[in-house]
Amino acid sequence: MRKYRLTYLISILCFFVILLACKKDSPPNDNKDYINMTFSFAHEVDGLSLDFDTIKYTNSIGNNYSVATLKYFISDIILHKSGGGTVLIDAEHYIDAVDPTTLSFSPTDMIPNGTYTYLSFTFGLDSAKNVSASYLNPPENNMEWPLAMGPGYHYMKLEGKYDSLGIIKNYQCHTGQSMGNPYFVNLTLPVSSFTANGKNLAVELIMNVNKWWESPSLIDLNDVTGIMGNQVMQLQFMGNGADVFRVGSIQ
Amino acid sequence: MKRYQILGVLVIAGLFFTNCKKDPLIEDVSSGSSGPTPYNLITPNGFPFMNIPADNPLTVEGVSLGRRLFYDPILSGDNTQSCASCHTQAFSFSDNGNQFSTGIDGFLGGRNSPAIINAGWSSSLFWDGRAASLEEQALGPVPNPIEMHLTWTDAMVKLNAHPDYPTLFSKAFGTISIDSILVAKAIAQFERTLISNDSKWDKYLRGEASLTASEARGFDIFFTEKGDCFHCHSTILFTDNLFHNNGLDDIFTDIGLGAITGSSNDNAKFKSPTLRNVEFTAPYMHDGRFNTLEEVITFYSEGVKFSPTISPLMKKVAQGGLQLNPLEKQDLLSFLRMLSDTTFVNNPDYSDPF
């Protein structure tokens with residue numbers, strides 16, 4: 001009898017030890033009225049895969065160019081409901097095209113079931129989020145935009161080389177809050193309808209780098225150097241950014 | 001009955017160990033008889049989070065041991081050189097103004113000895129980034145035949161026979177079984193305490209100092225695209241901890257990162273050094289080719305050379321550089337001197353304990 005009592009006591013003790021000593025795992029999403037969404041980011045140049053450090057791409061104005069760096073922020077994803085209303089995913093995410101760990105993003109926000117006609121997001125950081133010293137740790141802190149020209153953080157660093165009449169030159173497409181003026185892009189994805197019905201969804205977003213250089217402003221890479229304080233260029237990239245992304249898939 | 005009691009205790013103890021995430025600090029602290037004392041490392045406001053390896057938490061005993069090892073020539077083949085021989089505090093832990101460091105056998109190294117300052121925030125070490133941690137870096141110079149030239153096997157013989165070290169390792173790590181890993185861990189612990197944040201720049205940020213007119217103009221050059229220094233020498237650390245070809249050469253004799261990654265796209269890329277205390281760390285660049293900051297500024301102004309891997313951030317390479325006038329060069333120099341932290345180079349906690 002005492003043997004069974006002891007076994008019973010040990011079992012109870014084990015139970016409480018496990019309960020008290022361990023951190024809780026996140027419960028599975030068993031609320032079928034809501035879903036989670038994951039956003040992944042891919043990059044291309046007019047249908048060609050984005051390879052780095054090789055001059056192999058051509059933009060609308062005829063510059064032959066390479067990409068060495070592509071780093072940027074996206075924020076404030078808005079899901080537009082059929083019949084009106086929106087769901088805001090109030091978050092920001094940093095992407096480095098060569099760092100696979102940054103290429104997907106799973107906000108913690110739960111998305112209510114329903115039919116959504118399209119989604120939109122901010123390319124860069126809106127003024128409320130673009131606050132200097134918000135990011136103390138790498139890699140985001142290396143996106144800082146000096147107070148003397150800002151403040152805040154680069155929305156994007158897109159850098160590389162191009163062939164200018166046989167001479168190889170550098171370009172730096174650095175966008176951000178220039179001289180206190182915000183130029184973040186409110187970017188709408190026209191073909192992005194989906195239905196949330198209890199099953200988590202993955203959204204693939206694809207950036208076409210060539211779109212930065214065209215429509216509505218035709219950009220010559222000879223002009224894309226030292227533009228952080230150039231309000232005209234910042235405005236042009238703000239406009240051109242409106243259609244740089246498309247939806248690859250939602251499933 | 002007693003057997004079940006013992007079994008019960010073992011089951012419960014086992015559950016604690018198998019079901020819970022380990023706290024590395026507690027783990028190491030508990031390894032000695034009374035255990036080493038956790039070191040309360042205070043990092044400055046505005047600095048990044050310092051990633052400290054879970055298997056090497058800072059302890060008072062570990063930092064103290066690391067400091068002693070850093071300054072002890074016992075780690076060299078002929079007992080004449082320590083880490084501090086080429087990393088001298090007065091020079092912000094760089095090599096006494098030498099272009100290259102001389103090993104115990106008189107051989108010269110091939111690169112300039114980097115300063116050790118705020119190294120706890122370095123994501124890689126050496127000019128070519130070949131070490132991923134301070135612990136890994138610390139394993140290199142001792143057995144290097146052109147540096148301290150002592151095999152780790154022989155180093156262990158010397159340390160184990162020493163009247164103090166077995167006890168000091170026992171206090172720091174709970175073991176008298178000294179090995180190279182523990183030596184590197186102790187040195188890394190000490191190096192993580194080498195924090196500088198008391199330059200005039202820091203005081204300015206804290207509202208304790210104001211800029212002279214020249215410093216203010218230099219600030220504008222540094223932090224605008226006029227000088228464009230801030231992209232590579234970024235953040236509160238004044239380094240992005242990344243690798244760049246800054247246009248020193250058009251033909252490479254040292255391919256830097258390229259030799260580590262094997263990618264020709266990385267040829268001639270070297271790690272951006274911090275500019276904190278740059279006034280104390282001459283000569284400059286990975287090969288120490290420039291003796292003064294004036295020479296460095298002149299290079300960025302007029303001496304930049306194109307090569308296939310030159311950083312896209314070198315915007316005015318076609319013009320040979322920034323084309324600064326004499327006043328602008330002087331102003332930039334004034335700003336760089338604001339980054340000097342004499343408190344750091346005189347801090348008694350970092351000095352030779354012998």
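How much of the contacts in chain A with a separation of 6 or more do residues 24 or more positions apart account for? The figure for chain A is 74%. Keep that in mind as we move through the close-ups, and remember throughout that this is a predicted model.

**View 1. Chain A has 16 strands and two helices.**
Welcome to the first chain. Of the 251 residues in chain A, buried ones make up 35%. Residues 24 or more positions apart supply 74% of the chain A contacts that have a separation of 6 or more.

**View 2. Strand β11 of chain A, residues 154-164, is mostly covered.**
Nine of the eleven residues in β11(A) are buried. Three pairings of this strand are worth a look here. With strand β5 of chain A (residues 64-65), β11(A) runs antiparallel, and two bridges join them. Here A:Asn64 stands opposite A:Asp163. Strand β6 of chain A (residues 69-81) also pairs with β11(A) in the antiparallel sense, this time over four bridges. In that pairing, A:Tyr72 stands opposite A:Met156.

**View 3. Strands β11 and β12 of chain A form a hairpin.**
How many bridges does the antiparallel pairing of β11(A) with β12(A) span? There are ten, with β12(A) covering residues 167-176. Look for A:Gly160 in β11(A), which stands opposite A:Tyr171 in β12(A). Two residues lie between the strands of the hairpin, and A:Leu165 in the turn has a positive phi of about 55°.

**View 4. Two cis peptide bonds of chain A each involve a proline.**
One cis bond joins A:Gly150 and A:Pro151, with omega about 15°. You will find A:Pro151 in the loop between β10 (114-123) and β11 of chain A. Another cis bond joins A:Ser215 and A:Pro216, where omega is about 0°. The place to look for A:Pro216 is the loop between β15 (201-208) and α2 (231-240) of chain A.

**View 5. Helix α7 of chain B, residues 165-173, has a set of buried residues.**
Now over to chain B. The buried residues of α7(B) are B:Tyr165, B:Leu168, B:Phe169, B:Lys171, B:Ala172 and B:Phe173. Because they cover an arc of only 165° around the axis, they sit on the same side of α7(B). Which helices do the buried residues of α7(B) pack against? They pack against α3 (60-71), α6 (152-161) and α8 (180-192) of chain B. Just after the helix comes B:Gly174, with a positive phi near 75°.

**View 6. Helices α3 and α8 of chain B pack with their axes 7 Å apart.**
Two packed helices are described by the angle between their axes and the distance between the axes. For α3(B) and α8(B) the angle is about 100°, which makes α3(B) roughly perpendicular to α8(B). From α3(B), the contact involves B:Gly62, B:Val63, B:Leu65, B:Gly66, B:Arg67, B:Leu69 and B:Phe70. Facing them in α8(B) are B:Val183, B:Lys185, B:Ala186, B:Ile187, B:Ala188, B:Gln189 and B:Phe190. By class, the contact of α3(B) with α8(B) has nine nonpolar, three polar and two charged residues.

**View 7. B:Ser180 belongs to helix α8 of chain B.**
Is B:Ser180 buried or partly exposed? It counts as partly exposed because 17 other C-beta atoms lie within 10 Å, whereas a buried residue needs 20 or more. Setting aside neighbours within four places in sequence, B:Ser180 is in contact with B:Leu139, B:Trp152 and B:Ala155. Although B:Leu139 is 41 residues apart from B:Ser180 along the chain, their C-alpha atoms are separated by 7.1 Å.

**View 8. B:Phe238 and B:Met285 have a positive phi although neither is a glycine.**
The phi of B:Phe238 is about 60°, and this residue lies in the loop between α10 (213-222) and β1 (243-244) of chain B. B:Phe238 is buried, with 24 other C-beta atoms within 10 Å. The phi of B:Met285 is about 80°. Its loop runs between β2 (270-271) and α12 (293-302) of chain B. B:Met285 has 18 C-beta neighbours inside 10 Å, so it counts as partly exposed.

Terms used. Residues numbered from 1 in each chain as written. Chains lettered and ligands numbered in written order. Predicted model: local features only at pLDDT ≥ 70, side-chain atom pairs only at ≥ 80, totals over all residues. Buried ≥ 20, exposed ≤ 12 C-beta atoms within 10 Å, placed from the backbone. Arc of directions from axis to C-beta. Contact = placed C-beta atoms within 7 Å. Axes fitted to C-alpha atoms, helices over the stretch in contact; angles between N-to-C directions. Parallel < 35°, antiparallel > 145°, perpendicular 65-115°, else oblique. Nonpolar A, V, L, I, M, F, W, Y, C, P; charged D, E, K, R; others polar. Pairing = 2+ DSSP bridges.
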